[in-house]
Amino acid sequence: MDREEILQKKLTDEEKKIILSLIAIENITTLRIHKALKNVKKIEDMASLDLKTFTSYFGKSCEEAYDKFQYNLSFNYEKYFNFYGTEYIFYDTEYYPKELFRLYDFPFVIFYRGNKDLLLFKRKISIVGTRNNTKYSENALDVIVPFLVDNNFVVASGLASGVDSIAHTKTIRSRGYTIGVIAHGHNTIYPESNNKLYEIMRRKHLIISEYFPTAKIRKYRFLERNRIVAALGCGLIVTEAGIKSGTSRTIDFALDIGNAVFCLPGRFGDKMSLALNEHIRSGAIMLNQLKDIKDEFNL
């Protein structure tokens, strides 16, 4: 199946179960599933793969995964999701954010807690930055976030410590709406210091993940999460970031799909601004005043 065939077809219950059965296996990533689907005529064919073909698609180390997949096909997912208080939407539903289709490995399913209506907002924008932020980020977001809320933007971020948490918190205090994208299952709150923020967002805002509720924290998943943060909105605002950091990779993801990237200009020699100054020199928008956002989006 090619990408267009996947996107145009309405999923059957059987196809949904096959997709869930693959996603539930830890070492089978969304990217691997996308690659595997290129080799079959229809999603239903995945259920009848023999071990040799399965491992040719997902890797020689996936023999154990093959047995798990066969078991998962008869698993009671509804009971599982009810138990963990998590809901989900497939890519063929109206609630699925179409912005994510710009990713070559878009998530097949989004698992969520909270108000899924926020995904329907046309004006969504992401804010990211370092976990070790300075007052520079806080002071800037004191001005930027209320402006975004006043202009009906839903603010998305990664629910990490530092700039992410600041962006979510200031949006809530400004009486706006915010979406958190987490890099693990909903059954885990990370960092633990965000427990109160997580609870507020679960009840009144939205938290999404591409992983099953019981999926554990894995380092590579934070990078996968960042591509969703980058693609979820119409633009990306970055306050501070190290040169070799997850935030810098988020900028790369946003630029790859053609999103507007706004970077705060940094002070000379500041290690948390050096990367952003380089991105500005390479074509990112220097966010020097609110007018820069107004001009980009014709507000």
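A cavity here is a set of grid points where a 1.4 Å probe fits but cannot get out, and its lining residues have an atom within 4 Å of such a point. With that in hand, let us walk through some close-ups of this predicted model.

**View 1. The enclosed cavity and its lining.** A search of the whole structure turns up one cavity of 30 Å³ or more. The volume of the largest cavity is about 40 Å³. To find its walls, look for Arg 131, Gly 158, Leu 159, Ala 160 and Ile 182, together with His 184, Tyr 190, Pro 191, Phe 222 and Arg 225. By residue class, this lining has six nonpolar, two polar and two charged members.

**View 2. The largest pocket.** Here you are looking at about 530 Å³ of space in the largest pocket. Its lining counts 24 residues, and those closest to the pocket centre are Ile 23, Ala 24, Ile 25, Glu 26 and Phe 212. Several helices contribute to the walls: H3 (30-37), H5 (63-72), H6 (77-83) and H10 (219-232) each supply at least two lining residues. The lining divides into 13 nonpolar, four polar and seven charged residues.

**View 3. The second largest pocket.** This pocket holds about 450 Å³ of space. Of its 22 lining residues, Arg 131, Asn 226, Ser 245, Gly 246 and Thr 247 lie closest to the centre. Two elements, H10 and H11, give two or more residues each to the lining. Helix H10 provides the largest share, with six residues. In this lining you will find six nonpolar, 10 polar and six charged residues. Arg 131 may look familiar, as it also appears in the lining of the largest cavity.

**View 4. The sheet from edge to edge.** Nine strands make up an open sheet with mixed pairing, and their order is S1-S2-S6-S5-S4-S3-S7-S8-S9. Strand S1 (87-90) and strand S9 are the edge strands; each has a single partner strand, so one side of each lacks a neighbour in the sheet.

**View 5. Strand S8 and its side chains.** Follow strand S8 through residues 260-263 and watch the side chains alternate: Ala 260 and Phe 262 point one way, while Val 261 and Cys 263 point the other way. All of these residues are buried.

**View 6. From S7 to S8.** Strand S7 (residues 235-238) runs parallel to S8, and four bridges join the two. Two pairs make handy landmarks here. Leu 236 stands opposite Val 261 in S8, and Val 238 has Cys 263 as its bridge partner. Between the two strands, the chain passes through helix H11 (residues 246-256), giving a right-handed β-α-β crossover.

**View 7. From S8 to S9 at the sheet edge.** On the way to strand S9 (residues 285-286), S8 again has a parallel partner, here joined to it by two bridges. Cys 263 stands opposite Met 286 in S9. Helix H12 (residues 274-281) completes the picture, forming a right-handed β-α-β unit with S8 and S9. Cys 263 is thus a useful residue to look for in both strand views, with Val 238 as its bridge partner and Met 286 opposite it in S9.

Technical notes:
Residues numbered from 1 in each chain as written. Predicted model: local features only at pLDDT ≥ 70, side-chain atom pairs only at ≥ 80, totals over all residues. Heavy atoms only, no water. 1 Å grid on protein atoms, 1.4 Å probe; cavity = no way out; pocket = protein on both sides within 12 Å on 5 of 7 lines; lining within 4 Å. Points joined across faces, edges and corners; volume = space filled by probe spheres on them. Nonpolar A, V, L, I, M, F, W, Y, C, P; charged D, E, K, R; others polar. Buried < 20%, exposed > 50% of the residue type's maximum accessible area, 1.4 Å probe, protein only. Pairing = 2+ DSSP bridges. Right-handed = clockwise from strand over helix to strand, strands pointing away.
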